[in-house]
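Here's a short set of exercises on pockets and cores. Have a go at each task before you read its solution.

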Amino acid sequence: MIAEHRAVAPLRVFLVLLFGILVLFQTMSLPGQFAHMAEESPDFAYLRWPATAVSVFWVLCVQVVIACTWKLLTLVKNDRIFTEASLRWVDGIVWAVAAAWVVLLGVFLYVGFNANDPGLPLLLFLLLTGVTVLGLLMVVMRALLRQATTLRTDMEAVI
């Protein structure tokens with residue numbers, strides 16, 4: 001458990017850094033980028049606000065995952081990861097990934113039915129597959145955490 005405790009502090013530093021960068025993207029970079037794209041390509045200017053909203057939503061989903069990970073790290077640090085409280089935070093991660101997946105599916109279908117070139121639909125399909133794998137992996141990890149929590153509770157009851 002000592003190695004895990006040593007990893008918590010640096011991981012938290014990078015989570016704070018990542019969260020800060022995402023806030024910057026969410027508030028300045030993404031809206032500015034889509035505004036610039038609308039000026040450069042007036043034919044696609046109608047996509048400015050939907051693209052901004054979808055991108056900001058995806059960043060929000062990542063921020064939820066970061067916040068849940070932070071809480072899970074607190075539970076690891078306090079040696080309480082194998083408790084019912086941890087399942088709430090894993091559920092938060094699963095729901096954030098699921099929400100991002102649903103929106104990504106919608107974008108994939110919209111682009112897929114309106115594309116002239118297979119490049120972007122293929123890229124979106126790759127992302128959709130990756131997010132699917134991530135979501136299913138989190139469901140499996142949640143099941144493993146539940147089993148470990150049950151085993152620990154049973155062991156504590158015996159002792």
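The exercises below go through the pockets and then the nonpolar cores of this predicted model.

**Exercise 1.** Describe the largest pocket and its lining.

*Solution.* Start with the space: about 1100 Å³ lies in the largest pocket. Next, look at the lining, which has 35 residues; Ala51, Val107, Val111, Leu120 and Leu124 are the closest to the pocket's centre. Then map the lining onto elements: α1 (2-40), α2 (48-77), α3 (84-114) and α4 (119-158) each give two or more residues. The largest share, 10 residues, comes from α2. Finally, sort by class, and you get 29 nonpolar, four polar and two charged residues.

**Exercise 2.** Which elements give two or more residues to the lining of the second largest pocket?

*Solution.* First, the space here is about 210 Å³. Now list lining residues; among them are Thr69, Leu72, Ile81, Phe82, Met138 and Arg142. The elements you're after are α2 and α4. As for class, the lining splits into nine nonpolar residues, one polar and one charged.

**Exercise 3.** Work out which residues of the largest nonpolar core touch the most other members.

*Solution.* This core has 20 residues, and the ones to pick are Leu72, Ile81, Val90, Ile93, Met138 and Leu145. At least two residues come from each of α1, α2, α3 and α4, with α2 supplying the largest share, seven residues. Now zoom in on Val90: leaving aside residues up to four places away in sequence, Val90 touches Leu72, Met138, Arg142 and Leu145. Last step: apart from this core there's another, of five residues, including Phe108, Val111, Leu124 and Leu128.

Definitions and conventions. Residues are numbered from 1 along each chain as its sequence is written. This is a predicted model: local features need pLDDT of at least 70, side-chain atom pairs count only at pLDDT 80 or more; totals for chains, interfaces and linings use all residues. Side-chain values use heavy atoms; hydrogens and water are left out. On a 1 Å grid over the protein atoms alone, a cavity is a set of points where a 1.4 Å probe fits but cannot get out, and a pocket is an open set with protein on both sides within 12 Å along at least five of seven lines; lining residues have an atom within 4 Å of a point. Grid points are joined across faces, edges and corners, and a volume is the space filled by probe spheres set on the points. Helices (H or I, at least four residues) and strands (E, at least two) are DSSP runs, numbered from the N terminus. Ala, Val, Leu, Ile, Met, Phe, Trp, Tyr, Cys and Pro count as nonpolar, Asp, Glu, Lys and Arg as charged, and the others, Gly among them, as polar. A nonpolar core is a set of buried Ala, Val, Leu, Ile, Met, Phe, Trp, Tyr and Cys residues joined through side-chain atoms within 4.5 Å. Buried means under 20% relative accessible area, exposed over 50%, partly exposed in between (1.4 Å probe, protein chains only). Contact means heavy atoms within 4.5 Å.
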